[in-house]
Amino acid sequence: MFIIGILFYKSNGKGANFLSGYNTRSTEERKQYDEKGMCRLYGKRMIYMAIPFLFGAIIDIYFVGIGCLIAWVLWLILFFLLLIKRHKSEK
């Protein structure tokens with residue numbers, strides 16, 4: 001996910017077709033969106049969501065199982081924060 005996030009971030013809007021829901025919109029509807037900005041935003045989100053697992057893998061080398069648990073807890077916190085943010089922005 002970390003690498004995919006970097007690819008989205010650097011795609012200059014070319015990765016927008018891979019975003020769920022965006023690829024089903026008509027050409028007129030797509031013109032209303034900033035594809036480059038969307039790719040940068042979603043790329044950052046993917047990177048943020050992958051970082052706990054990178055640190056969890058490093059911790060897991062020294063403390064088996066603890067790193068994985070910490071990574072999942074942090075990821076769930078980030079996921080719920082993302083859901084709350086999206087819910088607020090859709091109103």
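Colleague: Where is the place of Arg30 in this model, and is the residue buried or exposed, or something in between?

Modeller: In this predicted model, Arg30 has its place in helix H2. A residue is called buried under 20% relative accessible area and exposed over 50%, so Arg30, at 22% relative accessibility, counts as partly exposed. In sequence Arg30 and Lys85 are 55 residues apart, and in space their C-alpha atoms are 23 Å apart.

Colleague: Which residue in helix H3 could show me the buried class, and which the partly exposed one?

Modeller: Gly43 lies in helix H3 and is buried, because its relative accessible area is 0%. Leu54 also lies in helix H3, but with 42% relative accessibility Leu54 counts as partly exposed. For distances, the C-alpha atoms of Gly43 and Leu78 are separated by 15 Å, while the two residues are 35 apart along the chain; Leu54 and His87 are 33 residues apart in sequence and 28 Å apart in space, C-alpha to C-alpha.

Colleague: How should I read confidence, and where in the protein is it lowest and where highest?

Modeller: As a general idea, where pLDDT is low, the predicted coordinates should not be read in detail. Here the mean pLDDT of the protein is 86, and 99% of the residues reach 70 or more. Confidence is lowest in helix H2, residues 27-30, with a mean of 80, and highest in H4, with a mean of 90.

Colleague: What is the phi of Asn12, and where does this residue lie?

Modeller: Most residues other than glycine have a negative phi. Asn12 has a phi near 55 degrees, which is a positive value in a residue that is not glycine. Asn12 is placed in the loop between helix H1 (2-9) and H2, and with a relative accessible area of 53% Asn12 is exposed.

Colleague: How many aromatic pairs does the structure hold, and how do I read the geometry of one of them?

Modeller: The structure holds four aromatic pairs. Take Phe53 and Trp72, whose ring centres are 5.0 Å apart and whose planes stand at 80 degrees, so the pair is edge-to-face, given that planes over 60 degrees apart count as such. Because Phe53 lies in helix H3 and Trp72 in helix H4, the pair ties together parts that are 19 residues apart in sequence. Both residues are partly exposed: Phe53 has a relative accessible area of 30%, and Trp72 one of 43%. Ring pairs also join Phe53, Trp72, Trp75, Phe79 and Phe80 into a cluster.

Colleague: What is the volume of the largest pocket, and which residues are the closest to its centre?

Modeller: The largest pocket has a volume of about 400 Å³. Its lining has 17 residues, and those closest to the centre are Ser20, Met38, Tyr42, Arg45 and Arg86. Two of these names also appear in another feature, since Arg45 lies over the face of Tyr42, at 5.3 Å from the ring centre.

Colleague: Which helix gives the most to the lining of the largest pocket, and what classes of residue are found there?

Modeller: Helix H3 (35-62) and helix H4 (66-89) each supply at least two residues of the lining, and H3 gives the most, with five residues. Sorted by class, the lining of the largest pocket has nine nonpolar, three polar and five charged residues.

Terms used
Residues numbered from 1 in each chain as written. Predicted model: local features only at pLDDT ≥ 70, side-chain atom pairs only at ≥ 80, totals over all residues. Heavy atoms only, no water. 1 Å grid on protein atoms, 1.4 Å probe; cavity = no way out; pocket = protein on both sides within 12 Å on 5 of 7 lines; lining within 4 Å. Points joined across faces, edges and corners; volume = space filled by probe spheres on them. Helix = DSSP H or I, 4+ residues; strand = E, 2+ residues; numbered from the N terminus. Nonpolar A, V, L, I, M, F, W, Y, C, P; charged D, E, K, R; others polar. Phe/Tyr/Trp six-rings, centres within 6.5 Å; stacked < 30°, edge-to-face > 60°. Buried < 20%, exposed > 50% of the residue type's maximum accessible area, 1.4 Å probe, protein only. Lys NZ or Arg CZ within 6 Å of the ring centre and 35° of its normal. pLDDT = per-residue confidence, 0-100.
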